[in-house]
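Hello,

Here is the structure I promised to send you. Have a look at it first, and then read my notes below.

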Amino acid sequence: MTTEPRSDTDTDTDARRAVETVAGSGAVIRSGSAPRAETGPGPGTEPGAAQVPADDAAALAKVSAELETQSATAAIGWAVERYGRALGLACSFQDCVVVDLAVQVDPGIEVLFLDTGSHFPETLAYVEEVRARYDLNLTVVTPGLEADPWPCGTERCCELRKVAPLHRALQGRRAWLTGLKRVDAPTRAAAPIVSWDDARGMVKVNPMATWTDDDTDRYAADHGLPVHPLLAKGYRSIGCAPTTRPVAPGEDPRAGRWSGTGKLECGLHS
Ligand code: SF4
């Protein structure tokens, strides 16, 4: 894997911020640039415009196979051209590589962060650092009140603090982008670049699916990206604080997530 070329992206000095509340889904904080002109897809591609996917599975599989040997920005470019503003990027902010790649293609792309209420303070500070660096069009999605009775580690916590809020945040879109990598977990080993996401009724694009952890680290170093402060303290896979621990040198980076529970996925990608 070669590193992605970094193009210059000028900061939009028209940056503006607003705070909204979306009924039933908790507070949604929007910040970043003013909306940019639509790119690419043209009429009929507004959120919710298409109910029946012209993107049938075979066509998506063909696109995915073609993108398999291309750069991550090529996959992002395909998605931006096809779906325009009906596309959202979900980012966990363990690092900001996928954000860096995406804003090269579309500086105004909407980035979604799921604030479960259990993140490390360092993660929240990192989100703000990345938001400021890129003047991100960032939406922070919080759970609704229905999550209150379900604290960390209980059966429905991930569902109500991650899966359902993301589902709501993506409603009306035609596609979403992720930073998922095949090496993240055995359950992701065969993740395609592009596929139909049955659970959400839209296309899912994993532009970094073929990347390794070394690719990610190298890209971040080569491009001088901000680094999550907990990486220096032995955390290699960072999620909610109560279910994340640092790992020992040589230990599987994912061993620090839901350690000892056998759990591999929170439901966002399964
Ligand atoms: S990782 Fe833990 S705190 Fe975070 S949503 Fe899942 S169960 Fe809740």
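Below is what I found, going from a strand and its neighbours to two loop residues and then to the ligand. Please keep in mind that this is a predicted model.

**Strand S3 and its partners**

A good place to begin is strand S3, residues 87-90. Both of its faces are covered: Leu87 and Leu89 are buried on one side, and Gly88 and Ala90 are buried on the other. S3 runs parallel to S6, and three bridges join the two strands. S3 also pairs with S4 in the parallel sense, again over three bridges. If you click on glycine 88, you can look for both partners: tryptophan 176 stands opposite glycine 88 in S6, and glutamate 110 stands opposite glycine 88 in S4.

**Helix H3**

Now follow the chain to helix H3, residues 97-105. Together, S3, H3 and S4 make a right-handed β-α-β unit. How many of the nine residues of H3 are buried? Eight of them are, so H3 is largely enclosed by the rest of the structure. The buried ones are Val97, Val98, Val99, Asp100, Leu101, Ala102, Val103 and Val105. What do these buried residues pack against? Their partners are the helices H2 (72-83), H4 and H6 (213-222), along with the strands S3, S4 (110-114) and S6 (175-177).

**Two loop residues with positive phi**

Phenylalanine 93 sits in the loop between S3 and H3. Its phi is near 60°, a positive value in a residue other than glycine. Is phenylalanine 93 buried or exposed? A residue counts as buried if 20 or more other C-beta atoms lie within 10 Å of its own. Phenylalanine 93 has 24 C-beta neighbours inside 10 Å, so it counts as buried.

Aspartate 135 is found in another loop, the one between helix H4 (121-134) and strand S5 (137-141). Here phi is near 50°, and aspartate 135 is likewise a residue other than glycine with a positive value. Aspartate 135 counts as buried because it has 22 C-beta neighbours inside 10 Å.

**Around the ligand**

Finally, take a look at the ligand, which has 13 residues around it. Which of them come nearest? They are Ser118, Cys152, Cys157, Cys158 and Cys240. Sorted by class, the shell around the ligand holds six nonpolar, five polar and two charged residues.

Enjoy exploring, and write back with any questions.

Best wishes

Methods:
Residues numbered from 1 in each chain as written. Predicted model: local features only at pLDDT ≥ 70, side-chain atom pairs only at ≥ 80, totals over all residues. Near = placed C-beta within 6 Å. Nonpolar A, V, L, I, M, F, W, Y, C, P; charged D, E, K, R; others polar. Helix = DSSP H or I, 4+ residues; strand = E, 2+ residues; numbered from the N terminus. Buried ≥ 20, exposed ≤ 12 C-beta atoms within 10 Å, placed from the backbone. Contact = placed C-beta atoms within 7 Å. Pairing = 2+ DSSP bridges. Right-handed = clockwise from strand over helix to strand, strands pointing away.
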